[in-house]
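Trainee: I would like to test the labels in this entry against their cut-offs. Can we go through them one by one?

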Amino acid sequence: MTSVITNQAASQNKFEKFKAEKDGLAVKDELEYFAQIGWEAMDVTDREHRLKWLGVFFRPVTPGKFMMRMRMPSGILTSQKMRVLAEIVQRYGEDGNADITTRQNLQLRGIRIEDIPSIFQRLKAAGMTSVQSGMDNVRNITASPVAGLDADELIDVRDLVQQVQDMITNKGEGNPEFTNLPRKFNIAIEGGRDNSIHAEINDIAFIPAYRDVAAEAEVAHYNANGSVNPSETAAATEAQRQLGFNVIVGGFFSAKRCEAAIPLNAWVPPEDVVDLCRAILEVYRDHGLRANRQKARLMWLIDEWGLDKFRAEVEKQLGRPLLPAATKDEMDWEKRDHIGVYRQKQPGLNYVGLHVPVGRLFAPDMFELARLAEVYGNGELRLTVEQNVIIPNVPDSRLEPLLQEPLLQKFSIQPTPLVRSLVSCTGAQFCNFALIETKNRALALIKELEQELELARPIRVHWTGCPNSCGQPQVADIGLMGTKARKDGKAVDGVDIFMGGKVGKDAHLGSCVMKGIPCEDLKPVLRDLMIEHFGARNVSSNG
Ligand code: SRM
Ligand code: SF4
């Protein structure tokens, strides 16, 4: 079934026009042809837009060297998969690298169009896909990076995440049912207690919550009889509580507007997650606003309709009523960053979180990570939304030798406190939306600050190169958003500063507190903020 676009205004938007002319996914059958004619001869819309439906991104900053965005459900991959990806980027020498993204994913760089058909074959053989990872599609589905390992988790969501991805992408082959959404769409499924997925910034997020079956039975009985029969209530409490998810919807960041997700007032058992995702996506696909791309994310539809109508339409699409949300959810921990060594729920096993500075990997790092995962763990690797990597399933007896491995000098389990929590989007090195360079600048500046400050605790600094907010400055202790500032009458690289972001339990978004700080003047500003708000001290003032 192809999508039904009911919004009449759709025809006004150039993106809607080219999607209506030819579905993005159609370029899948033309890859051999593109490889033959080369990137310069390709139709511009195919090259710069439709290829993103396959996860292949033309980079105007590095013409001819494409970026490939994978899908990594729950951020999980195997050593074999990592090796295949390493071999791909290795081919491109200095141009090739890979970034761990803020959605627990990998993006490969340096890719030539002539290699794409064979790369796709290799990805398929290795059980990987990059399909529908860009443009008006559902992005990588995030989950706790320690799903299935964490002794305190409530629901192991790995299977669910895979099922949702399979439904949306037709098991990675591509699914035209969901290739013409009004805009991008983010889904996250949390099974743990610490909101490791930033639930609040997703279009749909599932949050663990207990439905109080006993209380519901009591209310139902009271409604039917006007009184409560103690013996029946006692029987109902037998079943006690049922574990499932509360659902929140509409969270997003864009240059125009940023919103935290709001409760849908719905609780679902795990077995209904796939169906509910499908129903919400269908409602969004068929009724989402399409006239103006700045007003097309799910929250704009919820605004237009009101939450009650939106919920009712979702129920209609689902074909059954939704239960109301549980009164409280179980996200009651501070957020963990998973860096370091931690015991797993499986006796005698540990997971080891390695810090990857600003998420940047090169082919030798990727081969080494694959080797370490095989030699010390069970070959599995996990990625985090903080752009780091976890080696799980390391037996106690293998821990010490793992910690002695040379790669752990580069990817430390004990990074210094500011570097530890640094996150950065791609920035001007590869992204044409960027107003400033981010990753290298972020790392250099934070290292300088570490020389000058003593820190009481990690401070989460997020950099993002433009107002699109891929680096999530609104969730940071200190968020830095690229802009053009003025200094001595000239336009220079600058940032707007965000503060007040809270992650984990009771998460909420930070807001802009200072505008247009030139990057060359940023260090003292950050130093003062860290001293004033986060208990940092000047190294020189110690004695
Ligand atoms: Fe993003 C567009 C990179 C996470 C909001 N994002 C882009 C593009 C594709 C623009 C482009 O074509 O150059 C960037 C690719 C640059 C490159 O070469 O790497 C880009 N976004 C990224 C990544 C790689 C940042 C990173 O370094 O980690 C993240 C990839 C995640 C993934 O694996 O899929 C990434 N982007 C995000 C997030 C964070 C999140 O999802 O938690 C957001 C904010 C949350 C949200 O979407 O609500 C985000 N990206 C955007 C937007 C603004 C969306 C909007 O509604 O206006 C754009 C621009 C757009 O879509 O028009 C954008
Ligand atoms: Fe590019 Fe802007 Fe996203 Fe950074 S925030 S990756 S500069 S679009």
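Trainee: Where is the place of Asp506?

Mentor: Asp506 is in the loop between strand S22 (490-499) and strand S23 (511-518). Keep in mind that the model is predicted.

Trainee: Why is Asp506 called exposed?

Mentor: Its relative accessible area is 61%. Exposed means over 50%, so Asp506 earns the label.

Trainee: What is noted about the phi of Asp506?

Mentor: Phi of Asp506 is positive, about 50 degrees, and the residue is not a glycine. Most residues other than glycine have a negative phi.

Trainee: Which phi value does Met135 have?

Mentor: Near 55 degrees, again a positive value in a residue other than glycine. Met135 lies in the loop between helix H5 (116-125) and strand S6 (142-143).

Trainee: Is Met135 buried or exposed, and why?

Mentor: Buried. Met135 has 11% relative accessibility, and buried means under 20%, so the label holds.

Trainee: Why does Asn393 count as buried?

Mentor: Its relative accessible area is 14%. The limit is under 20%, so Asn393 is buried. Asn393 is found in strand S17 (residues 389-395).

Trainee: What makes the pair of Asn393 and Asn378 a polar contact?

Mentor: Their side chains come to 3.2 Å. The cut-off for N or O atoms is within 3.5 Å, so the distance qualifies.

Trainee: Why is Asn97 called buried?

Mentor: Asn97 has a relative accessible area of 3%. That falls under 20%, so buried is the right word. Asn97 lies in strand S4 (residues 97-100). Its C-alpha atom is separated by 30 Å from that of Gln163, 66 residues apart along the chain.

Trainee: Now the rings. How many aromatic pairs does a search of the whole structure find?

Mentor: Eight. One of them joins Phe206 and Phe245.

Trainee: What makes the pair of Phe206 and Phe245 edge-to-face?

Mentor: The centres are 5.9 Å apart and the planes make 80 degrees. Pairing needs centres within 6.5 Å, and edge-to-face needs planes over 60 degrees apart. Both conditions are met, so the label stands. The pair links distant parts of the chain: Phe206 is in strand S8 (residues 204-212) and Phe245 in strand S9 (residues 241-249), 39 residues apart. Phe206 and Phe245 are buried.

Trainee: How do you know that Tyr342 and Tyr351 are stacked?

Mentor: Their centres lie 5.2 Å apart, with 25 degrees between the planes. Stacked requires planes under 30 degrees apart, so this pair is stacked.

Trainee: Why do Tyr342 and Tyr351 get the labels partly exposed and buried?

Mentor: Tyr342 has 31% relative accessibility. Partly exposed lies between 20% and 50%, so Tyr342 is partly exposed. Tyr351 has 4%, so Tyr351 is buried.

Trainee: Which residues do ring pairs link into a cluster?

Mentor: Phe15, Phe18 and Trp53.

Trainee: What supports saying that the charged end of Arg47 sits over the ring of Phe58?

Mentor: The charged end of Arg47 is 4.8 Å from the centre of the Phe58 ring. The distance limit is within 6 Å, and there is an angle limit of within 35 degrees of the ring normal. The distance fits, and the charge is listed as sitting over the ring. Arg257 sits likewise over the ring of Trp300, 4.4 Å from its centre.

Trainee: On to the ligands. What makes Cys470 a donor to the iron atom of ligand 1?

Mentor: Its SG atom is 2.3 Å away. Donors must be within 2.8 Å of this metal, so SG counts. Cys470 is the single donor from the protein. Cys470 lies in the loop between strand S20 (461-464) and strand S21 (478-487).

Trainee: How many residues surround ligand 1?

Mentor: 32, and Thr101, Arg109, Lys184, Thr426 and Cys470 are the closest. By class, the shell has 10 nonpolar, 13 polar and nine charged residues.

Trainee: Which distance separates an oxygen atom of ligand 1 from the side chain of Thr101?

Mentor: 2.7 Å, to an N or O atom. For Lys52 the value is 3.4 Å, and for Gln387 it is 3.3 Å.

Trainee: How does the shell around ligand 2 divide?

Mentor: Six nonpolar, six polar and no charged residues. Among them are Cys425, Phe433, Asn468 and Cys470.

Key:
Residues numbered from 1 in each chain as written. Chains lettered and ligands numbered in written order. Predicted model: local features only at pLDDT ≥ 70, side-chain atom pairs only at ≥ 80, totals over all residues. Heavy atoms only, no water. Donors = N, O, S within 2.8 Å, 3.2 Å for Na, K, Ca; no water. Helix = DSSP H or I, 4+ residues; strand = E, 2+ residues; numbered from the N terminus. Phe/Tyr/Trp six-rings, centres within 6.5 Å; stacked < 30°, edge-to-face > 60°. Buried < 20%, exposed > 50% of the residue type's maximum accessible area, 1.4 Å probe, protein only. Near = heavy atom within 4 Å. Nonpolar A, V, L, I, M, F, W, Y, C, P; charged D, E, K, R; others polar. Polar contact = N/O pair within 3.5 Å; in protein donor to acceptor, adjacent residues only side chain to side chain.
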